[in-house]
Amino acid sequence: MTISTRTTGSIEAATPGDIVLSVRDLQKHFPIKEGALQRVVGSVKAVDGVNFDLRRGETLGLVGESGCGKTTLGRCVSGLTEPTGGGVFFDLSQNERDRIDALLAIPEEGQSEEQRAELEEMARLHRVDQLEGERWKRYRRNCQVVFQDSFSSLNPRQFIKDIVGRPLRIHREASGGELTDRVVALLEQVGLGSQHLYRYPHQFSGGQRQRISIARALALDPELVVLDEPTSALDVSVQAQILNLLHELQQELGLTYLFITHDLSIVRHMADRIVVMYLGKVAEAAPTNELFERPNHPYTAALLAASPDVSDDSDVPMPPLEGSVPDPARPPQGCRFHTRCPVATPACGWELDDVVRWLQDEEGVFDRLKGVERTDEFGGSLEFADEDSANLLADALRSDRVPVAMREAIDQLHVNERVVEIRFHPVTEVTLTSRGPGHEAACVYEALPNELTG
Ligand code: SF4
């Protein structure tokens, strides 16, 4: 696959005034309801405290496995989903951005009434989910989305002329002959033409349908396009054509892209900067070359190792990722990646759930487990059907049968007849720290440990 490599919009060229939008402490939690009364018993934390700025003319790649929250984040940015906390701020001056950052840095309970009112007013004017009237219309024009599945995103009963012309009609931009001319110009911009005006979506190939989706997204002359896995459903050769088209359009029109994908080999060619997400949080963010040459988070290293196009010329000898992404309704504490991390340490956030997860592979003992009681996030007890099973678990937790990091994280371990009481050393959440200009990672290691760097 040959893809044009980006030459413009590099982050070095960007200045704070070039920021198109700012994502601040963005959260999207979906409630989990149970029973006839649909009581809320928890929430799935699809996006959980994400921050970044999107700079004019750049492509920001948002990557991670399925379920990491990247699509939900893209929907919040495009205004299709309302966040449950934080927000996506648009059209901020640098002073306003600094002010919002200063206000958000104050814990809610510590904010004065004036500060709260100021924040509310800023949200009313700039937060995407609060915009109304003309401001909301302006944002809708400025931010467009191209989805992965062009088949379901194009109305099968409408001519291409009506599909591509719809935004122009809704926003009263054009009608009659002028509308037709504008649609033809848009189709030509994406490599189609007037001969396609009166055809239906099913008469096109997957690649052509994606061109139609792109033409529709460009109809209102947006600044920002959210590309949600735009080539994942296409053959490799067609993928390259669409990526090259997106690249050319960006150069020609000065577009800003938020490029959501699970495919690192694509963002390597398309993105100026990359944000790696894991279980709703940012694991690492860096300029593209820096991320590929000097990953600082074991999860990024694992993604690189798992990507065939990338791992061939990568120095990171990381074993492929094992296991699946944990349940986002109950994400691991500490570093959320610790359940799969090959270099996890005792400080990475071990908890009672890790013991239960480990037990699930120990069928004999797991079958004897009768109950789990958490006293707090760092401790609790496991009750077994008999004393022997309780002693078996306690012996295992003192041996090298369990991960050494988990064993060393245990502060107290007591067996009381059929009950094993466990307390882990308390740890705080692992947060993003600077690893160089524009480079942040959320890992207890300051650089990848030797076993991952060869
Ligand atoms: S903090 Fe770093 S070492 Fe610890 S589990 Fe997370 S990624 Fe692995």
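**Exercise 1.** In this predicted model, determine whether Thr-261 is buried or exposed, and describe its surroundings.

*Solution.* Step 1: the relative accessible area of Thr-261 is 2%. Step 2: a residue counts as buried when this value is under 20%. Thr-261 is therefore buried. Step 3: in the secondary structure, Thr-261 belongs to strand S7, which covers residues 256-261. Step 4: beyond its neighbours within four places in sequence, Thr-261 is in contact with Leu-62, Val-63, Gly-64, Lys-70, Glu-229 and Val-267. Step 5: a polar atom of the Thr-261 side chain lies 2.9 Å from the backbone nitrogen of Asp-263.

**Exercise 2.** Establish whether Leu-103 is buried or exposed, and state which residues it touches, not counting those up to four places away in sequence.

*Solution.* Step 1: Leu-103 is part of helix H2, residues 94-104. Step 2: its relative accessibility is 1%, so Leu-103 counts as buried. Step 3: once residues up to four places away in sequence are set aside, Leu-103 touches Gln-111, Gln-115, Glu-118 and Leu-119. Step 4: a separation across the chain may be added. Ala-409 stands 306 residues from Leu-103 along the chain, and the C-alpha atoms of the two are separated by 37 Å.

**Exercise 3.** Identify the helices against which the buried residues of H6 pack.

*Solution.* Step 1: locate helix H6 at residues 160-170. Step 2: list its buried residues, which are Ile-160, Lys-161, Ile-163, Val-164, Gly-165, Pro-167 and Leu-168. Step 3: these buried residues pack against helix H7 (176-189) and helix H8 (206-218). Step 4: follow the chain just past H6, where Arg-172 takes a positive phi of about 50°.

**Exercise 4.** Explain why the radius of gyration of the chain agrees with that of a compact globule, and describe the chain as a whole.

*Solution.* Step 1: for 454 residues, a compact globule would have a radius of gyration near 22 Å. Step 2: the chain has 25 Å, which agrees. Step 3: along the principal axes, the C-alpha atoms fill a box of roughly 85 × 55 × 50 Å. Step 4: the chain holds 18 helices and 15 strands, and 49% of its 454 residues count as buried. Step 5: of the contacts between residues at least 6 apart in sequence, 66% join residues at least 24 apart. Step 6: about 21,400 Å² of the chain is exposed, with carbon and sulfur atoms supplying 45% of it. Step 7: the chain carries 47 positive and 71 negative charges, whose mean positions are 7 Å apart.

Key: Residues numbered from 1 in each chain as written. Predicted model: local features only at pLDDT ≥ 70, side-chain atom pairs only at ≥ 80, totals over all residues. Heavy atoms only, no water. Helix = DSSP H or I, 4+ residues; strand = E, 2+ residues; numbered from the N terminus. Buried < 20%, exposed > 50% of the residue type's maximum accessible area, 1.4 Å probe, protein only. Polar contact = N/O pair within 3.5 Å; in protein donor to acceptor, adjacent residues only side chain to side chain. Contact = heavy atoms within 4.5 Å. Rg over C-alpha atoms; globule rule 2.2 N^0.38 Å. Areas by Shrake-Rupley, 256 points an atom, 1.4 Å probe, with all protein chains shown as cover. Lys, Arg positive; Asp, Glu negative; His and termini not counted. Charge placed at Lys NZ, Arg CZ, Asp CG, Glu CD.
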